[in-house]
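Colleague: I am new to this one and would love a guided tour. Could we take it question by question?

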Amino acid sequence: MKKALTIAGSDSSAGAGIQADLKTFAAHFVYGVSVITSVTAQNTKGVIAAFDLPKDFVKLQLEAIFTDIDIDAVKIGMLSSKEIIEVVSCRLKYFKARNIVLDPVVFSKNGFKLLKDEAIKTLYDELIPLCKVITPNIPEASLLAEMEIKSIDDIKLACKKILSFGCESVLIKGGHFDSDDVVDILFDGKDFYYFKGKRINTKNTHGTGCTLSSAIAANLALGYDVPYAVEKSKEYIQGAIENSLNIGLGFGPLDHFYLFK
Ligand SMILES: Nc1ncnc2c1ncn2[C@@H]1O[C@H](COP(=O)(O)OP(=O)(O)O)[C@@H](O)[C@H]1O
Ligand SMILES: Cc1ncc(COP(=O)(O)OP(=O)(O)O)c(N)n1
């Protein structure tokens, strides 16, 4: 069985974070393991507070996994601080981790800051160069590329800027654009690939970014190349949003297991 690791924060309402990632791995029949960076008190209405784990404890979790289990792919989500990014980058390099997918989570849907401002430089310098794919949404891509994004041409320019930080490919997600179709654009330094889906009119979109990036990691673990892993993951998220669940008072979670019903 293929194995994937998620390095991310815990979401007590299980729509995003570690919990969404493990459900996504399970739905792809990939054995999921986890390293928790931060514990959030969170529900469908948003993040209330976050408690970061000490960096040495993050390191211990990474060592526990990599000295025992051969990991086929890694998904990285909430990292919170410079210290945690440094420890994660250092251990991933040391253990020669492969197929690393980074979702550079900066804010939750309700605007809670999940990555400190001073950590962004460390993300560029230490972590992005280790990644096979990074998956920013429009606001995150705008922050990383230091430019406004208002059009497809802006997205393509932002892809080029972000790729220059040293990752192998960039997928900018189009969920935050106001359009009938939701288009995600992948750039691998040579070609642009467009992944289009019909916009689903629902408020239940908690954890879409986490779910997409962990589906990509699962598909890379299964041996697919990046464009095909993204194509399959986009199909998966489309179905998971179409079947999303009306749980809680705010933004409900996706149905990770819709394919089995
Ligand atoms: N309303 C929607 N209908 C269809 N697909 C969506 C919708 N919202 C987001 N997506 C898809 O979900 C994934 C996550 O997108 P996005 O919302 O941009 O990221 P994030 O959750 O990180 O803010 C992307 O594949 C995007 O195309
Ligand atoms: C613990 C934790 N990690 C990441 C997020 C952000 O998840 P995302 O998939 O971008 O979903 P929304 O916040 O937009 O629902 C989070 N909320 N919690």
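Modeller: Gladly, and let us start with a term: a residue is buried if 20 or more other C-beta atoms lie within 10 Å of its own, exposed if 12 or fewer, and partly exposed in between. Please keep in mind that this is a predicted model.

Colleague: Then is Ala14 buried, exposed or partly exposed?

Modeller: Ala14 sits in the loop between β1 and α1 (17–27). Its phi is near 65°, a positive value in a residue other than glycine. Ala14 has 19 C-beta neighbours inside 10 Å, and the buried class begins at 20. Therefore Ala14 counts as partly exposed.

Colleague: Asn99 also caught my eye; to which burial class does Asn99 belong?

Modeller: Asn99 is in the loop between α3 and β5, and it has a positive phi of about 55° although it is not a glycine. Most residues other than glycine have a negative phi. For Asn99 there are 21 C-beta neighbours inside 10 Å, so its class is buried.

Colleague: Which strands are the edge strands of the sheet?

Modeller: The open sheet has nine strands with mixed pairing, in the order β3-β2-β1-β4-β5-β6-β7-β8-β9. An edge strand pairs on one side only, and the two that do so are β3 (46–52) and β9 (192–198).

Colleague: Inside that sheet, which residue of β4 is the bridge partner of Thr6?

Modeller: Strands β1 (residues 3–11) and β4 (residues 73–76) run parallel to each other and are joined over four bridges. Thr6 has its bridge partner in β4, and that partner is Lys75.

Colleague: Which helix lies across β9, and at about what angle does it run to that strand?

Modeller: Two helices are worth placing here. Helix α7 (residues 208–221) lies across β1, β4, β5 (100–102) and β6 (133–134), at about 170° to β4. The one across β6, β7 (169–172), β8 (181–187) and β9 is helix α8 (residues 226–242), and its angle to β9 is about 10°.

Colleague: Turning to the ligands, how many charged residues are in the shell around ligand 1?

Modeller: Ligand 1 is surrounded by 17 residues, the closest being Asn137, Lys173, Gly175, Thr208 and Gly209. At least two residues of this shell come from each of β8, α7 and α8. By type, the shell holds five nonpolar and eight polar residues, and the number of charged ones is four.

Colleague: And how many charged residues does the shell around ligand 2 have?

Modeller: Here 20 residues surround the ligand, with Gly9, Ala16, Gly17, Gly209 and Cys210 the closest. The elements giving two or more residues to the shell of ligand 2 are β1, β2 (31–43) and α7. Eight of the shell residues are nonpolar and ten are polar, while the charged ones number two.

Colleague: How far apart in space are Lys82 and Lys116?

Modeller: Lys82 belongs to helix α3 (residues 82–94). Beyond its neighbours within four places in sequence, Lys82 contacts Glu118, Ala119 and Thr122. Lys82 and Lys116 are 34 residues apart in sequence, yet their C-alpha to C-alpha distance is 7.8 Å.

Colleague: Last one: is Glu148 buried or exposed?

Modeller: Glu148 lies in the loop between α5 (138–145) and α6 (152–163). Leaving aside neighbours within four places in sequence, Glu148 is in contact with Ser142 and Asp154. Because 10 other C-beta atoms lie within 10 Å, Glu148 is exposed.

Methods. Residues numbered from 1 in each chain as written. Chains lettered and ligands numbered in written order. Predicted model: local features only at pLDDT ≥ 70, side-chain atom pairs only at ≥ 80, totals over all residues. Pairing = 2+ DSSP bridges. Contact = placed C-beta atoms within 7 Å. Axes fitted to C-alpha atoms, helices over the stretch in contact; angles between N-to-C directions. Near = placed C-beta within 6 Å. Nonpolar A, V, L, I, M, F, W, Y, C, P; charged D, E, K, R; others polar.
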